[in-house]
Amino acid sequence: MTFDLLIRGGVLHDGTRADVGVNGETIAAIAPSLPAEAGRIVDATDCLVAPPFVDPHFHMDATLSYGIPRVNASGTLLEGIALWGELKPLLTHEAVKERALAYCDWAVSMGLLAIRSHVDTCDDRLLAVEALLEVKKEIAPYIDLQLVAFPQDGLYRDPTARENTIRALDMGVDVVGGIPHFERTMADGTRSVTDLCEIAAERGLLVDMHCDETDDPLSRHIEQLAYETQRLGLRGRVNGSHLTSMHSMDNYYVSKLLPLMAEAEVSAIPNPLINIMLQGRHDTFPKRRGMTRVKEMLAMGIRVGFGQDCCLDPWYSLGTADMLDVAFMGLHVAQMSHPAEMAKCFDMVTSESAAIMHLDHYGLAVGKRASLVVLDAGNKTEAVRLRAERLAVVARGKVVAERPRRDTTLNLPGRPESVNRRHRTPE
Ligand SMILES: [Zn+2]
């Protein structure tokens, strides 16, 4: 047997050891010790081999713009939106592309090979839309970039947003977005959900709305989103991003809401780094966490993926394109400390988010696309605990990033010569 590429001796998600053989862009074989020749061999002995990381919620038009033209002094969502409004007229096609491509280099180095990015459509020039459509084409050999038409300033609140959102979809943007809680009134928010879902249904597109990203427990647009999903036959094709108001909602109301979401197969994308940073800013003490009800949704069978949302932009002053950082924060805020829950947090930045994005070619299985990551960890929970190094990243059958394993040398009498903080734990 001959392969173009062989990943040797890795640990799979279920703890078994196997080699992964790749031909062209496809996984050709997965079996314990494949007796094979290969054009290239990657040694993955005792290292977790997983499908690549997936970020289901990001803003690539704003990324790496932190400090331009100034920093967000209050740290709030609303000042972030105002600051983005100041930055927008200063954007150039070249600068948006350059920052996006620089971010994608970071993403590749972190094994992050699928990204759903919202792109602001409240701009008569649609400059960011044009730039990111070009980026999408350029990075297609290594990153799947899915774009969401996102009327940041409100579909009705901004006078030309609706028209420009439709133009963006005509230009090839993949997914219909929205921001109902930011419209002028609750009624306008509700109407925008209906309008946007109808546009998606007509065009056969997926829906992903910023929904109820507020601490106001009466922001209930997710209810309308679930209703329209049912009414328009969009089951399994609609996602609610953030859903932070659910943190503060009345428990009785949530006990009615979650079954409606489950019935409509509406998925959810909390963004733990950003939600814990931005929510509860109007509170004194006790201060709300402001992340949506992750464990409760999972218990109802609702699909949940964790998103990164922001990296060095008007809303967030940190970020490294590391989806394990996202999983780590999500695990803490949602208090998902059982080994099975920790492993689920890993799935929420890999396979669960891939399912939300409808990435049919995704997965570590024969016949699937040969994109994967080799992690310096023995299993999923260890990967989250260590925010493990990406030793090798393979995109469509090519090794696109690699780094040597770096144990720390110790100079301690009577102790080992090096340490890497790996440790066998219950699964
Ligand atoms: Zn967002």
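This is a short walk through the strands and helices of the structure above. Please keep in mind that the model is predicted.

Let us begin towards the N terminus, with a pair of strands. Strand 2 (residues 17–23) runs antiparallel to strand 3 (residues 26–31), and five bridges join the two. To find the pairing in the viewer, look for Asp19, whose bridge partner in strand 3 is Ala31. Together, strand 2 and strand 3 make a hairpin with two residues between them. In the turn you will meet Gly24, which has a positive phi of about 60 degrees.

Further along, an unreviewed UniProt entry annotates residues 40–400 as "domain: Amidohydrolase". Over residues 40–400 the chain is 40% helix and 16% strand. The C-alpha atoms at the two ends of this stretch are 13 Å apart.

Now for a sheet. Seven strands make up an open sheet with parallel pairing, and their order is 6-7-8-9-10-11-12. Strand 6 (53–58) and strand 12 (267–269) are the edge strands; each has a single partner strand, so one side of each has no neighbour in the sheet. The partner at one of these edges is easy to trace: strand 6 pairs with strand 7 (residues 112–120) in the parallel sense, over four bridges. A handy landmark here is Asp55, which stands opposite Ile115 in strand 7. As you follow a strand, remember that side chains in a regular strand alternate between the two faces of the sheet.

Next come two helix pairs. Packed helices are described by the angle and the distance between their axes. For helix 2 (residues 93–109) and helix 3 (residues 127–139), the axes come within 9 Å and cross at roughly 40 degrees. Helix 2 is therefore oblique to helix 3, and the crossing is right-handed. On the helix 2 side, the contact includes His93, Val96 and Cys104, while helix 3 contributes residues including Leu127, Glu130 and Ile139. The residues of this contact divide into 10 nonpolar, one polar and three charged.

The second pair is helix 5 (residues 186–203) with helix 6 (residues 221–231), whose axes come within 9 Å and cross at roughly 30 degrees. Because angles under 35 degrees count as roughly parallel, helix 5 is described as roughly parallel to helix 6. The crossing of helix 5 and helix 6 is right-handed. Gly189, Thr190, Val193, Thr194 and Cys197 in helix 5 face His221, Gln224, Leu225, Glu228 and Thr229 in helix 6 as contact partners. The make-up of this contact is three nonpolar, six polar and one charged.

Notes: Residues are numbered from 1 along each chain as its sequence is written. This is a predicted model: local features need pLDDT of at least 70, side-chain atom pairs count only at pLDDT 80 or more; totals for chains, interfaces and linings use all residues. Axes are lines fitted to C-alpha atoms, for helices over the stretch in contact, and angles run from 0 to 180 degrees between N-to-C directions. Angles under 35 degrees count as roughly parallel, over 145 as roughly antiparallel, 65 to 115 as roughly perpendicular and the rest as oblique. A crossing is left-handed if the near helix is turned anticlockwise from the far one by less than a right angle, and right-handed if clockwise. Two residues are in contact if their C-beta atoms, placed from the backbone, lie within 7 Å. Ala, Val, Leu, Ile, Met, Phe, Trp, Tyr, Cys and Pro count as nonpolar, Asp, Glu, Lys and Arg as charged, and the others, Gly among them, as polar. Two strands pair if DSSP finds at least two bridges between them. UniProt positions are given in the numbering used here, feature names are shortened, and annotations may be inferred rather than shown by experiment.
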